[in-house]
Structures are given as C-alpha cells and as structure tokens.
Amino acid sequence: MFTALESYPPDPILRLLADFRADPNPHKVDLGVGVYKDETGHTPIMGAVKTAEARVFAGEETKSYIGPAGVPEFNAAIKDLIFGARHPVLADARVATVLTPGGCGALRVGAELLKRAAPETTIWVSDPTWANHIPLLGNAGLRIREYPYYDREHSVLRFDAMLSALAESGSGDVVLLHGCCHNPCGADLNLDQWRAVAELAEKRGFLPFVDLAYQGLGDGLDVDAQGLRLLAERLPEMLVASSCSKNFGLYRERVGSLSVVGQSAQRAEITVSHVNNIVRGIYSMPPSHGGAIVAEILNDPELDRQWRDELDVMRDRINGLRKLLNNKLRARGVDRDFSFVERERGMFSFLGLSAEQVTRLIDEYSIYMVNSSRINVAGISQANADYVVEALATVMAG
Ligand code: LMR
C-alpha cells in the first residue's frame with residue numbers, strides 16, 4: 001500500500017524549529033515559528049493560565065466525553081471576547097460558536113462547512129498569506145484564488161489592487177481576511193479599509209471568513225477585532241476562526257474556535273448543527289483541557305484582569321522590539337528604510353531579503369527565519385538585537 005509513497009518534505013516553518021534546536025551555536029537566534037518569547041528567548045506559560053490550569057485539575061470530576069461543540073462555558077466566553085459582549089449579533093443570538101483544536105481546526109472545519117453548503121465554492125486568500133492556509137482550505141476541496149495584498153518591494157499594502165481583484169469575485173465566493181497582525185506581512189487594514197471591504201461584500205455578495213489568530217497582540221483586544229466586528233454589523237453571514245495559541249500562550253493544547261454568524265438565530269443554529277456533524281466525522285470532538293482553562297480565566301474577573309495585563313506586556317514588548325530594530329538598523333547606517341517594521345503589527349514582518357541572504361543568515365550567523373525573510377519579531381531581544389542588526393547589515397551589503 002505505502003511503497004509508492006515518496007518521502008514528504010517537512011513543513012518549512014516547523015522545520016526551522018527542529019533546525020534551530022539542533023544548532024550548537026551559542027549565539028543562535030530564532031526568528032522563525034510564530035511563538036511569543038520573553039527577553040531570555042523562552043516561551044513562558046502565562047501566570048493566569050497556570051492558576052486556571054491548577055483550578056481545572058483540582059475541580060475536574062470526570063473524563064467522560066464532551067460533545068462535538070466542546071466546552072459550553074468556553075464557547076460563550078470566547079464569543080464575547082471576539083465580537084465584544086454588546087455586539088448586536090450577540091444580542092440577536094445570530095452567532096453560534098464551537099471549540100476547535102486550534103485555529104487550524106477552525107479553518108479546516110469552516111472549509112468543510114463551505115464545501116458542504118456550496119461544493120463549488122471559491123475562496124480568495126491574500127497574496128501573501130500564511131502558507132498553511134492553502135492546505136487547510138484546499139484539502140477540503142475549495143477552489144483557491146488570490147487577491148493582491150502586500151507590496152514586498154515597497155513594504156506597503158496594495159489596498160486598491162485588493163479591492164479591484166475582489167470586485168471580480170462572484171456572489172457566493174468566500175474571502176479569507178486576517179483579522180489583525182497579518183501573517184506573514186504584519187500590515188493590517190485600517191477601519192476605513194474594513195468599511196470599504198464591507199461595502200464591497202454587500203455589493204458583490206461574498207462571504208468573509210476572518211482568521212483571528214493574534215487578537216490582543218497588535219493594538220489591543222478590541223482594536224484588533226474592530227474589522228470583523230464591523231463586518232458582523234453589516235453583513236448577513238460570516239465565519240470567524242480564532243486561536244488561543246498566541247494570546248493565551250496555549251499553543252500545544254490546541255485551543256481555537258469557529259463562529260458562524262447566520263442571517264437569524266435559527267439559521268445560525270441550523271448551520272452549527274452541520275458544523276457539529278462535520279466535527280463528528282473528522283475528530284468526533286475537540287480536547288477539552290485548553291478550552292476549560294480559557295473559560296476559567298474569562299469567567300473569573302480577577303484572572304481575566306491578570307491575563308489582560310500579561311497580554312499587554314507581551315504586546316508592548318513586541319511593539320517595543322519593532323521600534324528597537326528599526327532604530328538600530330538606522331543607527332547602523334543600513335541603506336534601506338525599515339520604518340515599516342515599526343508601523344506593522346503582530347509577530348511578523350517581511351525584511352525584504354532574498355532567499356540567498358536568508359540562507360547566509362542561517363548558515364553564517366545561526367539566525368533562523370522563513371526563507372521569504374518573514375521574521376518573528378518576538379525572537380529579538382535587547383541582548384541579541386546588536387548581533388542581529390550587524391548580521392543583517394553585513395548580508396545586505398553583499
Ligand atoms: C507561524 O506562522 O509561524 C505560526 O502560525 C505557527 C505555525 O503553525 O505555522
């Protein structure tokens with residue numbers, strides 16, 4: 001059966017993790033996979049998560065099954081966090097949310113739902129987008145098209161080109177949008193641009209599918225969700241995939257959610273009955289542990305406060321590193337304007353280097369990044385910034 005299979009190369013982002021771990025260079029720097037790191041390069045467990053997890057263990061009385069929708073307390077609380085507790089779609093009960101194994105689980109289940117509702121669905125993704133969007137959506141059988149999003153040469157959004165491309169979308173097409181902290185480019189839509197997207201969606205009839213993987217790590221929990229909240233106010237239907245990997249630091253626990261906004265409460269309920277059936281046919285039901293932790297935090301005012309404070313620290317650190325990198329590159333006299341790094345948000349920015357320059361950074365300096373020159377800004381620290389800047393300046397000089 002399996003003898004015809006050729007060996008499949010590892011995922012390029014995940015491979016960086018293994019390569020970095022195996023590198024003995026004491027000066028190595030990991031700017032690869034998107035995980036938050038503190039000043040020592042460690043990815044810590046948040047204090048609020050530690051406390052909540054201890055309570056979950058202490059209070060747990062059974063390991064019996066939960067359903068395909070997961071932990072109800074999580075579903076209710078995460079919905080408020082995503083949409084804002086007073087959002088009209090919540091007041092009208094037009095949102096149904098289920099716990100999923102990470103944001104990836106949400107994207108895949110959402111894609112399967114689209115395939116079931118309309119087998120010929122085309123989904124538009126940004127150019128560039130997170131590499132794993134393509135298999136997550138495409139393997140469900142959706143047709144994929146790209147819309148222009150980011151000009152790598154000039155490090156700016158291509159918003160007009162994006163709107164022109166989406167003006168070609170057919171009614172019933174789906175458009176995947178990054179809620180905030182665009183992965184991989186870090187350039188986000190402003191509120192006026194979200195408004196223009198909403199208008200176009202109304203006009204062309206496309207359904208937005210928002211991937212919200214970094215809520216709280218750009219400009220704050222509410223600002224980072226403002227675009228999707230605006231879409232939800234204006235459009236009859238949409239999908240939202242969210243992740244608790246980054247903002248709760250729960251990466252390996254696989255916690256995320258899929259929210260369906262329906263035309264009415266009844267439509268949302270009917271649609272989510274299909275979500276539950278799809279889940280049952282893939283993984284039956286999600287693991288409960290991470291969802292229980294998040295529910296414990298969001299439903300306890302003190303833990304919730306602590307978590308928000310910790311998240312603020314993480315966000316401020318990343319935005320501070322953006323500034324630091326730009327300042328140091330300028331001070332080093334590099335012949336290129338890196339102020340975009342300071343303006344962009346979230347974990348990622350493209351440095352605009354060639355694949356050869358990235359290879360040199362890895363081979364000669366043990367500075368790891370994706371070969372598109374996407375860096376995880378959180379991997380920079382006060383301690384390694386000069387080393388990184390010197391290496392960048394050297395490879396850019398040729
Ligand atoms: C990334 O883009 O580095 C993260 O989203 C982690 C991953 O799974 O690729």
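Arg305 forms a salt bridge with Asp309 in this predicted model, the closest N and O atoms being 3.3 Å apart; a salt bridge is defined as a side-chain nitrogen of Lys or Arg within 4 Å of a carboxyl oxygen of Asp or Glu. Because the two residues lie four positions apart in helix α12, Arg305 and Asp309 are separated by about one helical turn. In an α-helix there are 3.6 residues a turn, so residues three or four places apart point the same way. Arg305 counts as partly exposed at 46% relative accessibility, and Asp309 counts as partly exposed at 39%. Here, buried denotes under 20% relative accessible area, exposed over 50%, and partly exposed the range in between (1.4 Å probe, protein chains only). Helices (H or I, at least four residues) and strands (E, at least two) are DSSP runs, numbered from the N terminus.

The model is predicted, and local features require pLDDT of at least 70, side-chain atom pairs count only at pLDDT 80 or more, and totals for chains, interfaces and linings use all residues. Residues are numbered from 1 along each chain as its sequence is written, and side-chain values use heavy atoms, with hydrogens and water left out.

A search of the whole structure yields 20 salt bridges. Among them is a pairing of the side chains of Arg234 and Glu202, with an N to O distance of 3.0 Å. This pair links distant parts of the chain, since Arg234 belongs to helix α9 (residues 226-234) and Glu202 to helix α8 (residues 191-204), 32 residues apart. Arg234 has a relative accessibility of 30% and counts as partly exposed; Glu202, at 41%, also counts as partly exposed. The side chains of Arg229 and Asp222 likewise meet in a salt bridge, at 2.9 Å from N to O. In that pair Arg229 is buried at 12% relative accessibility, whereas Asp222 is partly exposed, with a relative accessible area of 49%. In addition, Arg55, Glu296 and Asp300 are linked in a network of salt bridges.

Helix α11 (residues 289-298) is mostly covered, with eight of its ten residues buried. The buried residues are His289, Gly290, Gly291, Ile293, Val294, Ala295, Ile297 and Leu298. These residues pack against α2 (47-59), α3 (72-83), β2 (95-100) and α12 (301-331), contact being defined by heavy atoms within 4.5 Å. The loop between α10 (265-282) and α11 contains Ser284. Phi of Ser284 is near 70 degrees, a positive value in a residue other than glycine, and Ser284 counts as buried at 17% relative accessibility.

In helix α14 (residues 355-365), the buried residues are Gln357, Val358, Leu361, Ile362 and Tyr365. Viewed down the axis of α14, these residues fall within an arc of 140 degrees, so they line one face of the helix; the arc is that of the directions from the helix axis to the C-beta atoms. Glu356 and Asp363, on the other side of α14, are exposed. The packing partners of the buried residues of α14 are α1 (12-22), β12 (367-368) and α15 (385-396). Ser366, just after α14, adopts a positive phi of about 55 degrees.

A positive phi of about 55 degrees also occurs at Ser155, although Ser155 is not a glycine. Ser155 is placed in the loop between β5 (150-151) and β6 (156-157) and counts as buried at 13% relative accessibility.

Cis peptide bonds were also identified. One joins Asp127 and Pro128, with omega of about 5 degrees; Pro128 is located in the loop between β3 (122-127) and α6 (133-138). Another joins Asn183 and Pro184, with omega of about 25 degrees, and Pro184 lies in the loop between β7 (174-178) and α8.

At the surface, Met1, Phe2 and Leu5 form a nonpolar patch with about 470 Å² of accessible area together. Patches are made of residues with over 30% relative accessible area and no salt bridge, like charges being joined within 9 Å and nonpolar side chains (Val, Leu, Ile, Met, Phe, Trp, Tyr) within 5 Å. Accessible areas come from the Shrake-Rupley method with a 1.4 Å probe, and for residues only the protein chains shown count as cover. Met1 is found in the segment before α1 and counts as exposed at 85% relative accessibility.
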